[in-house]
Amino acid sequence: MKAIFDYISFESSKSVTKAYSTSFSSAVKMLSPIIRQDIYNIYGFVRCADEIVDSFHEYDKKKLFDSFEQDFYHALEDGISLNPILNSFQHTVKKYDIPIELVKAFLASMRWDLTKTECQNKDEYQNYIYGSADVVGLMCLKVFVKGDTAKYEELKHSAMKLGSALQKINFLRDMKEDFESLNRTYFPNANLEQLDEASKKQIIDEIENDFKHAYEGIIKLPIEARLGVYTAYVYYKKLLYKLKKTPSAKIRTTRIRVPDYEKLSLFAKCYFSYKLNIL
């Protein structure tokens with residue numbers, strides 16, 4: 001029965017989320033159960049695409065990515081895929097009428113990683129951010145508003161800004177690993193060797209501005225999504241604070257993280273803020 005296969009597909013996307021990001025999966029648990037699975041489905045898709053271009057060095061990554069992309073389009077057309085991750089994602093795309101242009105933009109940014117190692121200018125940087133992060137925020141927003149087009153348009157800008165902020169923090173946190181393992185840098189004119197206090201401040205100022213616009217939308221999200229998104233926002237704000245206080249020389253040599261005990265404290269504070277209606 002297809003229902004059994006769909007269940008297995010959904011569980012696969014959930015497992016991918018939990019295995020690859022404990023922090024994100026904790027935030028997803030704070031979403032309403034009626035939308036939680038669809039966010040797992042989106043994350044499973046974007047995570048697998050990202051893994052192809054970032055991790056599978058001993059394989060023909062272009063060939064794998066080509067197959068993954070074509071299999072997605074076939075899944076969307078057929079309404080099923082024997083790849084459980086693609087099967088669950090196509091389900092969510094159809095359920096919420098997620099624009100195919102968003103998926104294409106995401107895949108284009110991932111394909112960029114197959115051949116390029118740096119953003120040469122601001123335009124390339126912004127285009128990559130849009131495809132790798134902003135559109136993921138918009139896919140999730142489609143789920144959060146459950147078909148409310150007016151609400152989607154109202155919150156679209158904030159969702160993109162949140163996606164941008166989270167991605168830029170990931171870039172800054174992972175600078176050492178990206179540069180040494182993949183010979184890749186995303187910030188134009190600021191690779192690992194060039195990161196100093198002035199360039200770090202410029203990056204952080206940009207992220208803080210993104211967060212300001214993101215928060216304006218978070219507090220307007222439907223109740224089913226607000227706590228989960230706010231939790232992710234607070235966690236990344238804490239990570240940004242740590243990066244801001246860390247000398248640029250240390251960022252070049254160490255991956256900054258939020259310890260588990262601090263995560264638990266942050267998540268608890270988010271929950272009580274939500275319950276007390278003070279978001």
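Okay, one definition to start: the expected span of a helix is 1.5 Å times one less than its number of residues. Keep that in mind, and keep in mind too that what we're looking at is a predicted model.

Let's try the rule on helix α10, residues 197-218. The helix has 22 residues, so at 1.5 Å a residue it should span 32 Å. In the model, the C-alpha atoms at its ends are 31 Å apart, which agrees with that.

Now, how does α10 begin? D196 caps the N-terminal end, with a side-chain oxygen 3.3 Å from the backbone nitrogen of A198.

Next, which residues of α10 are buried? Here's the list: S199, K200, I203, I204, I207, D210, F211, A214, G217 and I218. If you look down the axis of α10, those buried residues fall within an arc of 120°, so they line one face of the helix. On the other side you'll find A198, K201, Q202 and K212, and these are exposed. And what covers the buried residues of α10? The cover includes α8, α11 (223-245) and α12 (248-251).

Let's stay on α10 a moment and talk about charges. E197 makes a salt bridge with K200, and the closest N and O atoms are 3.6 Å apart. These two sit three residues apart in α10, which means about one helical turn separates them. Their surroundings are worth a look as well. E197 is partly exposed, at 43% relative accessible area. K200 has just 4%, and buried means under 20%, so K200 counts as buried.

There's also a network to point out: salt bridges that share partners join K122, K161, K168, E206 and D210. You've met D210 already, as one of the buried residues of α10.

How many salt bridges are there in the whole structure? The search finds 26. I'll show you two others.

One is in helix α3, residues 33-55, where D50 and R47 are three residues apart, so again about one helical turn separates them. The closest N and O atoms of this D50 and R47 salt bridge are 2.7 Å apart. Are the partners buried or exposed? D50 is buried, with a relative accessible area of 16%. R47 comes in at 19%, and since the cut-off for buried is under 20%, R47 counts as buried too.

The other one pairs D260 with R257, and there the closest N and O atoms are 3.7 Å apart. R257 has 47% relative accessibility, so it counts as partly exposed.

Last topic: backbone angles. Most residues other than glycine have a negative phi. So let me show you a couple of residues with a positive one.

D97 has a phi near 55°, and D97 is not a glycine. Where is D97? Look in the loop between α5 (84-95) and α6 (100-115). D97 has 60% relative accessibility, so it counts as exposed.

Then there's K146, another residue other than glycine, with a positive phi near 50°. You'll find K146 in the loop between α7 (122-145) and α8 (149-173). K146 is partly exposed, with a relative accessible area of 39%.

If you want to follow along on the structure, start with α10: pick out the face lined by its buried residues, then look for α8, α11 and α12, which are among what covers them. Okay, that's me done.

Notes:
Residues are numbered from 1 along each chain as its sequence is written. This is a predicted model: local features need pLDDT of at least 70, side-chain atom pairs count only at pLDDT 80 or more; totals for chains, interfaces and linings use all residues. Side-chain values use heavy atoms; hydrogens and water are left out. Helices (H or I, at least four residues) and strands (E, at least two) are DSSP runs, numbered from the N terminus. Buried means under 20% relative accessible area, exposed over 50%, partly exposed in between (1.4 Å probe, protein chains only). The arc is that of the directions from the helix axis to the C-beta atoms. Contact means heavy atoms within 4.5 Å. A polar contact is a pair of N or O atoms within 3.5 Å; within protein, one must be able to donate a hydrogen and the other to accept it, and residues adjacent in sequence count only if both atoms are side-chain atoms. A salt bridge is a side-chain nitrogen of Lys or Arg within 4 Å of a carboxyl oxygen of Asp or Glu.
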